[in-house]
Structures are given as C-alpha cells and as structure tokens.
Amino acid sequence: MPWISDIRMDEVTQAVENLKKEWSQAVSQLEESIAAIKSCGKSGKGTEEANSLPRLNGSAQDALQLLKSLQFRLDLLAQQLPTFEEVQSGQATLESWDEQYKKLRASLRNANLQAKENIRKAAQEERELLLGGGEESTIRRRNLQTKAGMTSAAESITESLRRSRQMMVQEVERSASTLATFDESTSVLQKAEGEYQGHRSLLMRTRGLLSTMQRQDVLDRVILTVGFTIFSLAVLYVVSRRIGLLTLQRKLADAIRSGSLSAEDIVAKALPGPAAANVPAPAPPIYDEL
C-alpha cells in the first residue's frame, strides 16, 4: 500500500537524523578525550597522569568504534532514502564523516605523542626533585608512591569495567543478530509452509485428475473392446452370408450347365404353388438347320 511505503520512508529519514545527532555527540566526546590526552602531564604530576593515560585512550577508542558503527549504519540507510536528492545528500554526509573520522584519528595519535612527551618531562622533573634529598623530598616520595598505588588500582578497576562493558556490548550485538537470524528463519519457514500447502492442494487436485483419467481410460478400453467385438462379429456374419450366397449361385450355375436342373424347376421352387401355373412355358429351343 502507498501509505505503508510513506511511513517506511519517514522512519528511514528520522533514523538518519538520529544518526546525525549521535555522530555529533560522539565527536564531542572524542574531542574531549583527545583534549584530556593532549593535556596529560602538563600539571606536573607525570606518574599519576601516566597511569590515567590508558583510561583516556580506552574512552577515545570506544568513541572511534562508535563513529565507525554510525558510518556503517548511515551507509545502509542512505540507500533507502525516498528521493534521489536525499540519497546524494546522505552520500555526501557519509564522505564528510569519513574525512572527519580520519582527522580525529590523526588528532588522537598526535595527542598521545604530546602526552608522552609531557609525561616524560614531568617524570624527569619529579626525579630531579626526589633525588634532591631533604624532608620535603621524602614526604613527596611517599605521597607519590601512595597516589601512584591508588591511581594504579583505580585504573585497573576502570580498565576491567571497560572490558566488561565491551564484552556486554558484544554479547548484546550478538544476541540481536541471533534474534534477527531467528526472525528471518521464521519468515522463511512460514513462506515454505505456505508454498508446501499450495503444492499439497495442487498435488491433491492432480491426483484426482489422474484418478479420473485412469477411470476414463478403463472405460474407453472397455468401449473399444466391445465395439471391436461387435464389429468383428458383424464382419464375420456378412462374410459368412456372402460366402453362402456365392456357393449357392455356383451350385445353381453348375446344375443348369449340366442339365440336371432346368430353369422351370428353379422358378417353381422359388415361387409358391398357384403362382407357378401362371408362369408361361418357356419357348422351345430353336435349332438352326443347316
């Protein structure tokens, strides 16, 4: 129906708009992570910020994976947009997203290089302060060790939670794909069942037609056999009668030729009694006298 098609197109357009909003949010989150990575080590706490760098990179990698997923979804939806202009616009948006994705990856790589340089410089400064001696250096060393241990524990917990989150997301996606496969298999089975029912009814009708044709074939054979038998009997009867007449004619002819039977006798036998008297006598034979 046309209105169902319109509803479907509206849903696709709305889904594309939602993808654009999600893209903007993911880009903002990634830019914040890149900025945090780039400024890592500038506050003079090289050891503490070095421990927080993996967590920031993990968050940035999650944002990059989300952007890649959004690109893939937009590529699928762009082909389903209702008009050619919207399809072209979707393709242009996809190309701009790809360029932005590459720039963000490059920015993340540069931010990591900058963070490592900052952490190296901060660690060198801390090392110089710790090697300087004195009570202040001892207190600072203890504080650094305590903070480093706490930060390391917190980072390990955060990393474990991040891995758990990724595993849960993967399981959810796998479950969704499994459900989609089940739905597709169910629809295929339903179609197969409908086709089977149609073929079954067709086979039933075909079987009925074959039974009717077999009965008609038997009836035709019986009719042909009876008709051929009757025809054969009629032919035999006609032939036998014909043969009998020919034999009788031959015998009469032979009798007439031999003189044992005259024409008057034949006529007398053929006609009833009184009628035979009315038959004129045959003319005497005429002989030529030479």
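## Basis of the model

Helices are DSSP runs of H or I with at least four residues, strands are runs of E with at least two, and both are numbered from the N terminus. The model is predicted, so local features need pLDDT of at least 70 and side-chain atom pairs count only at pLDDT 80 or more, while totals for chains, interfaces and linings use all residues. Residues are numbered from 1 along each chain as its sequence is written, and side-chain values use heavy atoms, with hydrogens and water left out.

## Residues 222-240 and the surface patch

An unreviewed UniProt entry places a "transmembrane region" at residues 222-240; such annotations may be inferred rather than shown by experiment. This stretch is 100% helix and 0% strand, and its end C-alpha atoms lie 27 Å apart.

Phe228 belongs to helix 4 (residues 135-258). Phe228 is exposed (over 50% relative accessible area, 1.4 Å probe, protein chains only), at 57%. Together with Phe231, Val235, Val239 and Ile243, Phe228 makes a nonpolar surface patch of about 500 Å². Patch residues have over 30% relative accessible area and no salt bridge, and nonpolar side chains are joined within 5 Å. A salt bridge is a Lys or Arg side-chain nitrogen within 4 Å of an Asp or Glu carboxyl oxygen.

## Nonpolar core

The largest nonpolar core (buried nonpolar residues joined through side-chain atoms within 4.5 Å) has 29 residues, and those with the most contacts inside it are Trp23, Leu30, Ile37 and Leu67. Helix 1 (2-38), helix 2 (46-78) and helix 3 (84-130) each give two or more residues to this core.

Leaving aside residues up to four places away in sequence, Trp23 touches Leu67, Leu70, Gln71, Trp97, Gln100 and Tyr101; contact means heavy atoms within 4.5 Å.

## Ser33

Ser33 lies in helix 1 and is buried (under 20% relative accessible area) at 8%. Beyond four places in sequence, Ser33 touches Leu56, Ser59 and Ala60.

Methods. Patch = residues over 30% accessible without salt bridge, like charges linked within 9 Å, V, L, I, M, F, W, Y side chains within 5 Å. Areas by Shrake-Rupley, 256 points an atom, 1.4 Å probe, with all protein chains shown as cover.
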